Amino acid sequence: MVIELRFLGAFVRRFLALALVLIVCAPPATAAEADDAVPYLMLNGLPVTTGFDATSAHETAMNGTWRFLEDPGDVGEQQGWQDRGHERSDWRTIEVPGSWDVAFGDELLGYRGAGWYARGFPAPARSAGERVRIRFEAVFLVSDVWVNGQHVGSHTGGYTPFEVDVTDVLEDGENTLVVRADSRITRNTIPTDTLMFRGRHGWWPYGGITRDVRLLVDDAARPFKLDIRTRPTTPSAWTVDIAVGVHTSGAPATEALSIELADPTGTIVATAGPVDLTVADVAFERFSVVVDDPQVWDPSDPARYSATVRFGDTYAVDEFGFRTVEVADGDILLNGRRHFLRGMNRHEDHPTLGPVQTPELIAGDVALLGELDVNHIRPGHYPAHPDMLSALGKAGITMTEEIPVYQLDLFHFFDRQLLEQARTQLIEMVERDRNEPAIILWSLGNEVWQFVPQAGTFFASLHDTLDRYDDTRLSTYAAFTVPYLMSALPDSVTPLVDVVSVNEYYGWYYPAAAWAGFFLDLYHSKFPTKPFVVSEVGADALAGRHLDRPPGEE
């Protein structure tokens, strides 16, 4: 019991100190798109895109060996490290994708700061009017990009992709790409530094270019969004509602736009269009088609269809599935049947690879999950690698995907920029993964101070954003639950979501695993009509073993 009182005493001291500053205030609301518009987000002058399985763009992988130098004094930009002619012969070499935390043994393990990457690349062959983009699948955490010394874009967020248009800064022959990645987690970033454990984090925040980099050459006008929604309309037919977004980085374009849907064998089962669409910047077209007797995506038979959108000579392909997910009588229903979650959490964290997800690693982990009879995964507190999501979906394992809104406290809820970061990362996650049928839950965050009223305003804005971009799945949030205290306090967040998720650590932070039942019954009584999920249990989950002091204070 001494162990418990020590932990709870530290928590109560911090809680009481913050309670003194509770004031009636709320973060300002963010502007919403017009109700009848298809929503989209622009970053670096380009729209955030659907995570297509294939496109007509000519792709060149930019993975491999890069030059690298850490910048603990944060002097790189002032000294011109981004300039094309800067001398880099004394820089280290590093593999991309990867992380400096694991690339150099223990030397940079735990280094939090700026790291600079550089490499040369030849100007790609392209036809008149074609554009050149560079796509980064993930850079942790804050990144800036230069090509030939010209700043071409930036991004905040370590787990979602971003693109930069480099067409106008390319030169014939060799070009220089430089990326500055800053891995510092602060009070003003998502994920954030927390009051409970300042300077320490809930998972290892690997710094650097952690996922693939690709050079893309495509027409100036191209499809960027493919929003596919399926719904049964008769006992034997489903309607597929499709919204297509097309963007042009050049002159206005008018082309024929069409859609083809194919079943798992590749047989075309429905078409829509062609219709002439004129695009001056961004334009949208909506289609509805009927598919008779489709194969339903189900864990026992995860049938995947494909949709091909064509705009003139450009195309994009994405996979989707026919399935329904809803809440009824306190249960999650998948295709009208109760879907009881037998789940696990999984971080992208490997002893030698760090955050890098190889095909072999993904295949091995999915096989292990199958052996354990797992039917649901919550892949970390952040958007997972898209290849992992695809592999899980093909294996029939459903998912909860979450943004890294983690342990926000009272002060965070007054930070409008933090709210905008959270909204942006939510949109980026949804846009990338919107057509993956195995994702049945979007999670708005984990273990925030949901007992203060300002949390409700913050998360209401997030939930409004989610509803605007995708209201076809269920929403959840993993509640912060210290025994009995949280059951007695108000909850401003959980009432907003469809499914209650609870993290509980009886037998670890708190003694007596047998106490869990009483607490869970008590918490469930607050939300008796909502499905109830134990989203975390552990940590090491060894009965009789307890953490004798907070992490980092050993």
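Trainee: Why is Trp 203 called buried in this predicted model?

Mentor: Trp 203 has a relative accessible area of 7%, and buried means under 20%, so Trp 203 counts as buried. Its place is in the loop between β13 (174-182) and β14 (208-209). In space, the C-alpha of Trp 203 is 8.8 Å from the C-alpha of Gly 380, although the two residues are 177 apart in sequence.

Trainee: What makes Gln 295 partly exposed?

Mentor: Gln 295 has a relative accessibility of 35%, and since partly exposed covers what lies between the 20% and 50% limits, Gln 295 counts as partly exposed. This residue also sits in a loop, between β20 (282-292) and β21 (297-298). The C-alpha atoms of Gln 295 and Pro 264 are separated by 8.6 Å, with their positions 31 residues apart along the chain.

Trainee: How do you know whether Asp 409 is buried or exposed?

Mentor: The relative accessibility of Asp 409 is 0%, and because buried means under 20%, Asp 409 counts as buried. It is found in the loop between β30 (398-402) and α5 (416-433).

Trainee: What makes the pair of Asp 409 and Arg 187 a polar contact?

Mentor: The side chains of Asp 409 and Arg 187 are joined at 2.7 Å, and a polar contact needs a suitable pair of N or O atoms within 3.5 Å, so the pair is called a polar contact. A polar atom of the Asp 409 side chain also lies 3.0 Å from the backbone nitrogen of Phe 411.

Trainee: Which side chain makes a polar contact with the side chain of Glu 348, and why is Glu 348 called buried?

Mentor: The partner is the side chain of Arg 211, at 2.9 Å. Glu 348 has a relative accessible area of 6%, which is buried because the limit is under 20%. Its loop runs between β28 (343-345) and α3 (359-371).

Trainee: Where does Glu 348 stand with respect to the largest cavity?

Mentor: The largest cavity has a volume of about 120 Å³. Of the 13 residues that line it, the closest to its centre are Tyr 159, Tyr 206, Glu 348, Pro 355 and Tyr 382. In total, there are five cavities of 30 Å³ or more.

Trainee: How do you know that strand β10 is largely enclosed?

Mentor: Strand β10 (residues 142-147) has six residues, and five of them are buried, so the strand is largely enclosed by the rest of the structure.

Trainee: What makes β10 and β13 a pair of strands?

Mentor: Pairing requires at least two bridges, and β10 and β13 have six, in the antiparallel sense, so they count as a pair. One of these bridges sets Val 142 against Asp 182 in β13. On β11 (residues 150-156), β10 has another antiparallel partner, again joined by six bridges, and here Trp 146 stands opposite His 151. The hairpin of β10 and β11 has two residues between the strands, and in it Asn 148 takes a positive phi near 55 degrees.

Trainee: Why is β32 said to be mostly covered?

Mentor: In strand β32 (residues 474-479), six of its six residues are buried. Both faces are covered, with Leu 474, Thr 476 and Ala 478 on one side and Ser 475, Tyr 477 and Ala 479 on the other.

Trainee: Which strands pair with β32?

Mentor: Strand β31 (residues 439-446) is parallel to β32 over four bridges, and Ser 443 stands opposite Thr 476. Strand β33 (residues 499-504) also runs parallel to β32, joined by four bridges, with Ser 501 opposite Ala 478. Together with helix α6 (residues 453-469), β31 and β32 make a right-handed β-α-β unit.

Trainee: What can be said of the largest nonpolar core?

Mentor: This core has 67 residues, and those with the most contacts inside it are Phe 413, Phe 459 and Leu 462. The element that gives the most to this core is α5, with seven residues. Apart from it lies another core, of 30 residues, among them Val 96, Ile 134, Phe 162 and Leu 177. In soluble globular proteins, nonpolar side chains tend to be buried together.

Methods
Residues are numbered from 1 along each chain as its sequence is written. This is a predicted model: local features need pLDDT of at least 70, side-chain atom pairs count only at pLDDT 80 or more; totals for chains, interfaces and linings use all residues. Side-chain values use heavy atoms; hydrogens and water are left out. Buried means under 20% relative accessible area, exposed over 50%, partly exposed in between (1.4 Å probe, protein chains only). A crossover is right-handed if, with the strands pointing away from the viewer, the path from the first strand over the helix to the second runs clockwise. A polar contact is a pair of N or O atoms within 3.5 Å; within protein, one must be able to donate a hydrogen and the other to accept it, and residues adjacent in sequence count only if both atoms are side-chain atoms. A nonpolar core is a set of buried Ala, Val, Leu, Ile, Met, Phe, Trp, Tyr and Cys residues joined through side-chain atoms within 4.5 Å. On a 1 Å grid over the protein atoms alone, a cavity is a set of points where a 1.4 Å probe fits but cannot get out, and a pocket is an open set with protein on both sides within 12 Å along at least five of seven lines; lining residues have an atom within 4 Å of a point. Grid points are joined across faces, edges and corners, and a volume is the space filled by probe spheres set on the points.
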